[in-house]
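Q: Could you take me on a close look at one part of this protein, the cluster of aromatic rings, and then show me what lies around it? I'd love one connected walk-through.

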Amino acid sequence: MPGVLKYWNGSTWVEVEVSAPQGATGPTGATGPTGATGAQGPKGDTGDTGPAGATGATGPAGPTGATGPKGDTGDAGATGATGPAGATGPTGPTGATGPSGPAQFTTISETAPVSPSTGQLWFESDTGRTYVYYDSYWVEVGAVSTGEVNSYNMDGGHSSSVYGGIVAITGGSA
């Protein structure tokens, strides 16, 4: 196979055309000295992020910050349960005696009083009945009607006044 052979003759390189068959490859020569470092190449792409390192120790606490402004007042909470009753206080001093009420009187006799006052009581001693003077009539207290109710004047005549089944007796002459 034809080829070109170059060799150094001591001052220049000489080219010689070779047309002979190629012989076996000779042994590799010794490695020459390392050449000078070339210029730095362009920056490459960023590589993948490596695994996270271990968490470091917690640092010291920082100083307490200043107190913030007061916030708005919140809604009122629910009313709490009623507490237990306290002890009874001491009894106060006795008050002054009040004025006397109007005189009330009860007449006990077999006949009605002649000039009664409204609200006056009369206990009829021969029958055991009690009456109160009301609206110009003697009205029996606690009477219960058991049927026909008769009203009597003091002189024995019939009266037309009956209060809900309670006998009314007009004040007649004694």
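A: Happy to! Let's start with two residues you can find right away: Trp122 is buried, and Tyr131 is buried as well. Please keep in mind that this is a predicted model. The rings of Trp122 and Tyr131 form a stacked pair, with 4.9 Å from centre to centre and 25 degrees between the planes. A stacked pair needs planes under 30 degrees apart, and the 25 degrees of Trp122 and Tyr131 meets that cut-off.

Now turn to Tyr133 and Trp138, which form an edge-to-face pair: their centres are 5.1 Å apart and their planes make an angle of 65 degrees. Tyr133 is buried, and Trp138 is buried too. A search of the whole structure turns up four aromatic pairs, and ring pairs link Trp122, Tyr131, Tyr133 and Trp138 into a cluster.

The cluster residues also belong to something a little wider. Together with Ala112, the residues Trp122, Tyr131, Tyr133 and Trp138 make up the largest nonpolar core, which has five residues in all. If you select Tyr133 and look at its surroundings, leaving out residues up to four places away in sequence, you will find that Tyr133 touches Pro116, Ser117, Thr118, Gly119 and Gln120, as well as Trp138.

From here, have a look at the charged residues. Glu140 forms a salt bridge with Arg129, and their closest N and O atoms are 3.6 Å apart. Glu140 sits in strand β6 (residues 137-140) and Arg129 in strand β5 (residues 129-134), so this salt bridge ties together parts that are eleven residues apart in sequence. The two partners differ in how they are placed: Glu140 counts as buried because its relative accessibility is 10%, while Arg129, at 42%, counts as partly exposed.

The count of salt bridges comes to two, and the other pair makes a nice contrast. Lys6 forms a salt bridge with Glu15, where the closest N and O atoms are 3.7 Å apart, and both Lys6 and Glu15 are exposed. To see the strands there, follow β1 (residues 3-8) and β2 (residues 13-18), which run antiparallel and are joined by six bridges. Leu5 of the hairpin stands opposite Val16 in β2. Four residues lie between the strands of this hairpin, and Gly10 takes a positive phi near 110 degrees.

Technical notes:
Residues are numbered from 1 along each chain as its sequence is written. This is a predicted model: local features need pLDDT of at least 70, side-chain atom pairs count only at pLDDT 80 or more; totals for chains, interfaces and linings use all residues. Side-chain values use heavy atoms; hydrogens and water are left out. Rings of Phe, Tyr and Trp (its six-membered ring) pair if their centres lie within 6.5 Å; planes under 30 degrees apart count as stacked, over 60 as edge-to-face and the rest as tilted. Buried means under 20% relative accessible area, exposed over 50%, partly exposed in between (1.4 Å probe, protein chains only). A nonpolar core is a set of buried Ala, Val, Leu, Ile, Met, Phe, Trp, Tyr and Cys residues joined through side-chain atoms within 4.5 Å. Contact means heavy atoms within 4.5 Å. Two strands pair if DSSP finds at least two bridges between them. Helices (H or I, at least four residues) and strands (E, at least two) are DSSP runs, numbered from the N terminus. A salt bridge is a side-chain nitrogen of Lys or Arg within 4 Å of a carboxyl oxygen of Asp or Glu.
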